[in-house]
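Biologist: I'd like to learn how to read a fold without getting lost in the ribbons. Could you walk me through one?

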Amino acid sequence: MRILFVFIADIEMSVLHTKNVNRTNAERVARPTILEVVSDCDARADLTAASDVRFGLGGVFETHLARMGDSCPPVVGHNDIHWISGDGVSLQADLASLFARVPLDVVHTHRADDLAIVGAAAREAGVPALVHTICGEIASADSLKVDRLKELVDMHGAVLVAPSFDVACRLGDVENVAIVPRSVDCTRYQPGSPAKARQKTGLPEEPRVIGCASPAANLESLFQAVARLEPDVHIALFGPASPGAVERRLIRELDLEERVHVLGGWALPELIHQAIDIYYHGPSDDCSPRPVLAAQACGKPVVAASPTEANFLCPHTGHLLPAQFQPGLAGALNQALSVSPTLTARSFVEKNWNLSSSIGIYESVLRAAVQNGLGERDSGNDATAGTAG
């Protein structure tokens, strides 16, 4: 049966390959085939816009998702979701194999670390367009990181997408950077039954729960603050918020073993946002974190530390802590936990950061990138043919 499954999958890929090869440029621009590239952790914790872009464009594009990581097996039964080993030894070969199986019109990356090797593989495979969405971390990156990103963009001819004009300004050539505001799918992230969500995620039913997807390096302050709160306040960690040896030792020292729940990369992160009472985002390089918007779309109050941008927080239910935030963290969390459930935060996201208002911009940017890429390739082929003649 396994051999039969692989054989059928190979036939499907062969048909897809033939279908794409025979398409005219006009047909490819009208309905491009796009590959969203993300880390496996980002895909499961929904820490980038890749999933929203993929589903938002599903009606007009052929959409695929490549998840790069070491901890998860391939996604069985989904020909449009591809798992790629994050091992540096095999990554280039895995990418080349994927690009050979799925003829693509555009590859879309979301992390600067992925741009170098993915861009090289896309260029080698003859993919017409490479688009890179700049993470919010570039807003606070040093000049060396910014220069490195510029080098990669020039090297691979990538089209840049920035979440704001200020971020685009850091790259200098603003006219060649498309501005697509950060957004979240409000049809996916919406209020739901906390009790049902806790049953599905394994969180205890009674306690008040603080959700957190901040990097592990910033968890110590959260643990120390929660230790000062009532015993019924728990923490749900997900995404990259996975405590290491130092953090686990602190959990034991503060007697929080029964109050800290590590969920890891979760397949349906919207359930976590429905299950928690509030969301906390510690200081990180990403000044416009996606989980902040997702939590608020589910109606949850948010406590965030600088350098999170204030305009991502609902003015009525959000609390922004200063750089020296630790002394006031416990009080801010306690205050947020006392806020009654309200749709104010969701209304704020629907009005200002809804995917429905930005997906059309993405569609235009991606189509233009494919059209330009196909045009440049055809011009290059004509020039080569003229020289040969």
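Modeller: Sure, let's start with the inventory. The chain has 16 helices and 13 strands. Keep in mind that this is a predicted model.

Biologist: How much of the chain is buried?

Modeller: Of the 389 residues, 50% are buried. Contacts give another view: of those between residues at least 6 apart in sequence, 70% join residues at least 24 apart.

Biologist: Now the sheets. How do I read the strand order of the one that contains S1?

Modeller: Read across the sheet rather than along the sequence. Here 7 strands line up as S3-S2-S1-S4-S5-S6-S7, with parallel pairing, and the sheet is open. At the edges are strand S3 (81-84) and S7, each of which pairs on one side only. From one strand to the next, the twist averages 25 degrees.

Biologist: Which residues could I click on to see that pairing?

Modeller: Go strand by strand. Strand S4 (residues 106-109) is joined to S5 by 4 bridges, and His108 has Val131 in S5 as its bridge partner. Next, S5 (residues 129-133) pairs in the parallel sense with S6 (residues 159-162) over 3 bridges; look for Thr133 with its partner Val161 in S6. Then 3 bridges link S6 to strand S7 (residues 177-179), again running parallel, and Leu160 has Val177 in S7 as its partner.

Biologist: And where do the side chains of a strand point?

Modeller: As a general idea, side chains in a regular strand alternate between the two faces of the sheet.

Biologist: What is the strand order in the sheet that contains S8?

Modeller: That one is an open sheet of 6 strands, in the order S10-S9-S8-S11-S12-S13, with parallel pairing. Strand S10 (260-264) and strand S13 (318-321) each have a single partner strand, so one side of each has no neighbour in the sheet. Neighbouring strands are turned by 20 degrees against each other on average, direction ignored. For a pair to inspect, take S11 (residues 278-281) and S12 (residues 302-305), which pair in the parallel sense over 3 bridges. Tyr280 has Val303 in S12 as its bridge partner.

Biologist: Which helices lie across those strands?

Modeller: Two to look at. Helix H10 (residues 219-227) lies across strand S8 (208-212), strand S9 (233-238), S10 and S11, and runs at about 160 degrees to S9. Helix H13 (residues 290-297) lies across S11 and S12, at about 170 degrees to S11.

Biologist: How do I read helix against helix? At what angle do H10 and H11 pack?

Modeller: Look at the angle between the axes, then at who touches whom. H10 and helix H11 (residues 245-253) pack at about 5 degrees, with axes 10 Å apart, so H10 and H11 are roughly parallel to each other. Leu219, Glu220, Phe223 and Gln224 in H10 meet Val246, Glu247, Leu250 and Ile251 in H11. By class, that contact has 5 nonpolar, 1 polar and 2 charged residues.

Biologist: Where do the axes of H10 and H14 cross, in degrees?

Modeller: At roughly 55 degrees, and the axes of H10 and helix H14 (residues 326-337) come within 9 Å. H10 and H14 are therefore oblique to each other, and the crossing is right-handed. On the H10 side, Ser221, Leu222, Gln224, Ala225 and Val226 take part, meeting Gln326, Leu329, Ala330 and Leu333 in H14. The residues of this contact divide into 6 nonpolar, 3 polar and no charged.

Biologist: What about single residues? Is Arg367 buried or exposed?

Modeller: Use the relative accessibility, with buried meaning under 20%. At 19%, Arg367 counts as buried. Arg367 is in helix H16 (residues 359-388). Leaving aside residues up to four places away in sequence, Arg367 touches Val29, Ala30, Arg31, Pro32, Val60 and Phe61.

Biologist: And how do I spot unusual backbone?

Modeller: Most residues other than glycine have a negative phi, and most peptide bonds are trans. Asp255, which is not a glycine, has a positive phi of about 60 degrees. Asp255 lies in the loop between H11 and S10 and is exposed, with a relative accessible area of 60%.

Biologist: Which peptide bond is cis?

Modeller: Look at the one from Ser306 to Pro307, with omega near 15 degrees. Pro307 is in the loop between S12 and S13.

Conventions
Residues are numbered from 1 along each chain as its sequence is written. This is a predicted model: local features need pLDDT of at least 70, side-chain atom pairs count only at pLDDT 80 or more; totals for chains, interfaces and linings use all residues. Side-chain values use heavy atoms; hydrogens and water are left out. Two strands pair if DSSP finds at least two bridges between them. Helices (H or I, at least four residues) and strands (E, at least two) are DSSP runs, numbered from the N terminus. Axes are lines fitted to C-alpha atoms, for helices over the stretch in contact, and angles run from 0 to 180 degrees between N-to-C directions. Contact means heavy atoms within 4.5 Å. Angles under 35 degrees count as roughly parallel, over 145 as roughly antiparallel, 65 to 115 as roughly perpendicular and the rest as oblique. A crossing is left-handed if the near helix is turned anticlockwise from the far one by less than a right angle, and right-handed if clockwise. Ala, Val, Leu, Ile, Met, Phe, Trp, Tyr, Cys and Pro count as nonpolar, Asp, Glu, Lys and Arg as charged, and the others, Gly among them, as polar. Buried means under 20% relative accessible area, exposed over 50%, partly exposed in between (1.4 Å probe, protein chains only).
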